[in-house]
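Please open the structure in your viewer and keep the selection tool at hand. The tour below goes from stop to stop, saying at each one what to select and what is found there.

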Amino acid sequence: MVNSKTKLTGKVIFRGDPGYELARKNWDPHTDRFPKVFVFAQTTQDVSNAIKWARENHVPIRARSGRHALENNLSQVNGGIVVDVSEMKKITLNKKKGTVIVETGNRVGRIARTLAKQGFIAPFGDSPSVGIGGITLGGGIGPLQRTIGLISDNLIELEMVDANGKVIIANKHQNSDLLWASRGGGGGNFGIYTRYKFKVRRSPSTATVYKITWPWNQFEKVLKAWQRWAPSVDTRLGSELNIGPKKGGNVTMEGLFLGSKSEAIRLLKPVTSVGTPTQSIIQSLPYPEVVNFLLVPDPVLTQKFSNQFSSGFGRCPFPDKAIKVMREFLEKAEPNSTAGFFFLNWGGAVSRVLPKATAFYWRKAQYYVEWNSSWIKQSDAAKNIALVRNTRKKLQPYIVGSYINVPDQGIKNSGKVYYGANFPRLRRVKAKYDPKNVFRNPQSIPPARKG
Ligand SMILES: Cc1cc2nc3c(=O)[nH]c(=O)nc-3n(C[C@H](O)[C@H](O)[C@H](O)COP(=O)(O)OP(=O)(O)OC[C@H]3O[C@@H](n4cnc5c(N)ncnc54)[C@H](O)[C@@H]3O)c2cc1C
């Protein structure tokens, strides 16, 4: 084949070429596939050429940035072309205007550290190696969100290459519907993004970080206290609660407070006074070190566990029945694995934005929740995937929606689940920018029908 008028440009690796095996490794080994070719784009023109080439040759297209996709066939597909932007990594901060332009191949940790050194805040989640390319498009949640909003709430302009290979700029003056859709609509739907412009704020010179650990068997009382406290505590405080598997796991609460240590100690009391913590760190640090404390290294190519995730949003505290479901899950999850439950407090800047103001719909919640099982041997995959999906069924009465960046392909009719009442508008934007549905994956947005 390779019989087209457009030539592939950039760093091109076909199946069988040196570098192919490394190119197809994602953070989650479960998502690795065997694409026909990888294009590591160096410029926007390389992206455009790759899209044109793929269409001339009828090859399915996948965009990839940080390789952290959490479901199958999103950033790789068998026999497809992967347009990988990870070598496009420019970062340009404009201190006067309070904006930063980043190429989409950057990882969140690199942006957060680069900006922190220059006295600015860039939002991040719980892993430094997540790509800004994917995390932004799905929303982008993390411990700073109650102060500065979702990552995508700060997106003010973008550059995207569409299905014809044409470069499109979107901001509030032009293609504003595409900007709206790119703030939570999810990756792989409209085109391949090459550049984002974000507004950024000055960072404080210091802030407080904390990490408290309890034995696993105290998870119920810690969770109950956390749920009563976290959604309404001072909005400068972001809090993540992790509960591991019964065998080999523990309970940790960590996050940051954009204020003093003494105030943080007082604010954290309703949870730190529960049970008998085995470790308690509450520390005031210069802001760049705050970023380092929270973003511990998370290499992409050495992750040995495969995972199945599912996610949702809680509008009220989990009652005892839901906590019982959690316990059953954590008792069955693989011992000493990365399986568990994760909660993040909502409110503040995230909830002040109206659900229809951007594509990210689930603004009115008290907390975000996700759970995952993990395994190493392929023969353990099916039972672990079933465990996560059965748990979703049992938790359904207590959650709403799901987060497109932490997808679960077991969810049927997923459009409304990921996007709530924004789904119809997303379908119209899709019909405008990708009417032939060139960019599609198992749960992508279908174009609205004409008329
Ligand atoms: C360890 C880990 C920690 C995480 N922590 C957080 C967190 O704290 N907060 C949070 O919000 N999310 C978190 N996530 C979820 C994360 O946001 C999603 O997995 C996200 O899609 C990853 O983006 P990526 O660019 O790294 O992944 P990729 O695998 O490169 O891409 C993921 C999806 O986005 C699409 N995409 C990527 N780049 C582009 C582009 N340039 N143009 C168009 N589409 C593109 C892909 O086609 C694919 O559908 C985490 C994931 C992992 C694995």
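The tour begins with the ligand, then turns to single residues and ends in the nonpolar cores.

Before selecting anything, note that this is a predicted model, in which local features need pLDDT of at least 70 and side-chain atom pairs count only at pLDDT 80 or more, whereas totals for chains, interfaces and linings use all residues. Residues are numbered from 1 along each chain as its sequence is written, and side-chain values use heavy atoms, with hydrogens and water left out.

**Stop 1: the ligand**

Select the ligand together with the residues near it, where near means that a heavy atom of the residue lies within 4 Å. You should find 32 residues around the ligand, and the closest of them are A63, S65, D126, G131 and Y403. By kind, this shell divides into 13 nonpolar, 15 polar and four charged residues; here Ala, Val, Leu, Ile, Met, Phe, Trp, Tyr, Cys and Pro count as nonpolar, Asp, Glu, Lys and Arg as charged, and the others, Gly among them, as polar.

Next, show the backbone atoms of H68, I141 and G188, and look for polar contacts (pairs of N or O atoms within 3.5 Å; within protein, one must be able to donate a hydrogen and the other to accept it, and residues adjacent in sequence count only if both atoms are side-chain atoms). A backbone N or O atom of H68 lies 2.8 Å from an oxygen atom of the ligand, while a polar backbone atom of I141 is 2.8 Å from a ligand nitrogen and one of G188 is 3.2 Å from a ligand nitrogen.

How much of the ligand's accessible area does the protein cover? Of the 950 Å² that the ligand has on its own, 94% is covered, as computed by the Shrake-Rupley method with a 1.4 Å probe; for residues, only the protein chains shown count as cover.

Now colour β3 (61-64), α4 (132-138) and β10 (192-199), the elements that give two or more residues to the shell. Helices (H or I, at least four residues) and strands (E, at least two) are DSSP runs, numbered from the N terminus. The largest share, four residues, comes from α4.

**Stop 2: helix α6**

Select A181, which lies in helix α6 (residues 176-182). Is A181 buried or exposed? A181 is buried, with a relative accessible area of 1%, where buried means under 20%, exposed over 50% and partly exposed in between (1.4 Å probe, protein chains only). Leaving out residues up to four places away in sequence, A181 touches F190, A359, L426 and V429, contact being heavy atoms within 4.5 Å.

W180 is also placed in helix α6, and W180 is buried at 6% relative accessible area. Beyond its neighbours within four places in sequence, W180 has contacts that include K356, N422 and R425.

**Stop 3: T104**

Move to T104, in the loop between β6 (99-103) and α3 (108-117). T104 counts as buried at 1% relative accessibility, and its contacts, neighbours within four places aside, include S65, I132 and Y196.

**Stop 4: the nonpolar cores**

A nonpolar core is a set of buried Ala, Val, Leu, Ile, Met, Phe, Trp, Tyr and Cys residues joined through side-chain atoms within 4.5 Å. Select F124, I132, L158, L178, F190, Y196 and Y287, which touch the most other members among the 53 residues of the largest core. The largest share of this core, five residues, comes from α3. Finally, select W216, L223, V271 and W371, which are included in a second, separate core of 40 residues.
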